[in-house]
Amino acid sequence: MPKITKRLVDAAKPTERAQIIWDDLLIGFGLKIFRTGVKTYVLRYRTPEGRQRMATIGKHGPLTPDQARAKARDMLHAISTGADPLAERKAAREALTVAQVAVVYLASSRFAEKAPSTQAIDRGRMARHILPLLGKHRADRLTREDVRRAQAAIKAGKTAATVKTGPRGLAVVKGGEGTATKAVLLLRAMLAWAIEEGMLEANPAAGVKVAAPGTRDVILEDASQYEALFRTLERMEAEHRIRRPVADAIRVIALTGARRGEIAGLRWSHVDLKGHRLVIPPTQHKTGRKTGKPRIIGLPAAAAAIIARQAQGAPDGLVFTPAHGDAPVSLSKPWRAVRAEAGLPDGIGLHGLRHSLASFMAMQGAQAAEIMAALGHRQMSTAQRYVHWAESAHAQLAERAAAHITAAMAGNDPADVVPIGKRRD
């Protein structure tokens, strides 16, 4: 029997039947390889009554061989004192509700890896959508149909409410398809974590269909809309209806495609004006907690000039200063006022400025890797969607441009041609 190492695990191939490779360093510790290629660490042991059992320690990937072996040693120590891991897990599964699993998940190191802003949003989704509908269900008896019913209820707005968040604060909780999708994805992630921890055996949320992710349809489509945006910001600022730091933060988002939180929470220590870039530490941007890499945001000259005119503060000071306190500037409410006055599309949010820039880059011929680098996407497929959109847009433009020529070739009156994508009134 070989010692189970990462090299051995990576080299192990699935066969027609599940197989187990036993470790020669720790008796009872093994690697189970399923026909699907999934690799799981297991422990074979005997109960105090002499019955042989096999417990799952966890999947390879989340666990390394050494980590799994250490867990196996802990389990063997507990068994030597009279414990039975499988029986204990069964009892725990029977006692846990979805709400109880949520309490443990929200306090876990896995959840702590998320950005603070994401944690706050997820806690709100959990408290206001998932738990009111599913919290009392036994976690081990939760079904796919239970999740679908909850998804439909959230989509229909049945969890919508106005919630008091403090002496003066109110939170308007809305439903809709987007909220339902995010709630199901959060539930799916929580249950997957619970399976890794040995608390559950199945994830009913994994098989529930959600709306396909994609680029937001609402973007700024031409230069005239950008002109209206910047003209409105200048007018509102001149009339003291919007503070300069707020207006400038919106300008920088439009110019760079940065995320709202990256600019609202921008610190002077992140700014490199000589290098014409912003360097956001891994712990302070969306994908950094997973990649461990800083986010580099290139600064065009106009954006660099906007940042340079802000009141210089300490290295940990905010670049765009709030009116009161030391929290990042709030941009959502001012943006809604700017959007309405500028006559921009109703559905476009600040994140839509990010998608607008990516779409313009794609139309100008930028490749997916360039868009990925500029916008800080973690997956190539996300950036690739903009390229596909641009290719489709180019094809439609080419078809319209050729319509009159093809009409002439066929001997028709070009005025009678209706280009693809249009219809005759």
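Let's start with P245, which lies in helix α10, residues 244–256. A word on names: helices (H or I, at least four residues) and strands (E, at least two) are DSSP runs, numbered from the N terminus. Please keep in mind that this is a predicted model, where local features need pLDDT of at least 70 and side-chain atom pairs count only at pLDDT 80 or more, while totals for chains, interfaces and linings use all residues. Residues are numbered from 1 along each chain as its sequence is written, and side-chain values use heavy atoms, with hydrogens and water left out.

Is P245 buried or exposed? P245 counts as buried because its relative accessibility is 12%. The cut-offs are under 20% relative accessible area for buried, over 50% for exposed, and partly exposed in between, with a 1.4 Å probe and protein chains only. Leaving aside residues up to four places away in sequence, P245 touches Q310, F320 and T321; contact here means heavy atoms within 4.5 Å. The C-alpha atoms of P245 and I307 are 9.4 Å apart, although 62 residues separate the two along the chain.

Now let's zoom out for a moment. The chain has 17 helices and 9 strands. Of its 425 residues, 39% count as buried. Among contacts with a separation of 6 or more, 53% come from residues 24 or more positions apart.

On to the sheets. Strands of a sheet pair through backbone hydrogen bonds, either parallel or antiparallel. For us, two strands pair if DSSP finds at least two bridges between them. One open sheet has 4 strands in the order β1-β2-β3-β4, with antiparallel pairing. At its edges are β1 (19–22) and β4 (52–59), each pairing on one side only. On average, neighbouring strands of this sheet are turned by 35° against each other, direction ignored. Inside it, β2 (residues 29–33) and β3 (residues 39–46) pair in the antiparallel sense over 5 bridges, and I33 has K39 in β3 as its bridge partner. Which strands does helix α2 touch? Helix α2, residues 65–80, packs on the sheet and touches β2, β3 and β4, and its direction makes about 20° with that of β3. Axes are lines fitted to C-alpha atoms, for helices over the stretch in contact, and angles run from 0 to 180 degrees between N-to-C directions.

Have a look at D23, in the loop between β1 and β2. D23 is buried because its relative accessible area is 2%. The side chain of D23 reaches the backbone nitrogen of I4 at 2.8 Å. That same side chain makes a polar contact with the side chain of R69 at 3.2 Å. A polar contact is a pair of N or O atoms within 3.5 Å; within protein, one must be able to donate a hydrogen and the other to accept it, and residues adjacent in sequence count only if both atoms are side-chain atoms.

There is another open sheet, with 3 strands in the order β7-β8-β9 and antiparallel pairing. Its edge strands are β7 (271–272) and β9 (295–298), each pairing on one side only. Strand β8, residues 277–280, pairs with β9 in the antiparallel sense over 4 bridges, and R277 stands opposite G298 in β9.

Last stop: the axes of helix α9 (residues 223–238) and helix α14 (residues 332–342) come within 9 Å and cross at roughly 115°. Among the residues that meet there are L229 and M236 in α9, and W335 and V338 in α14.
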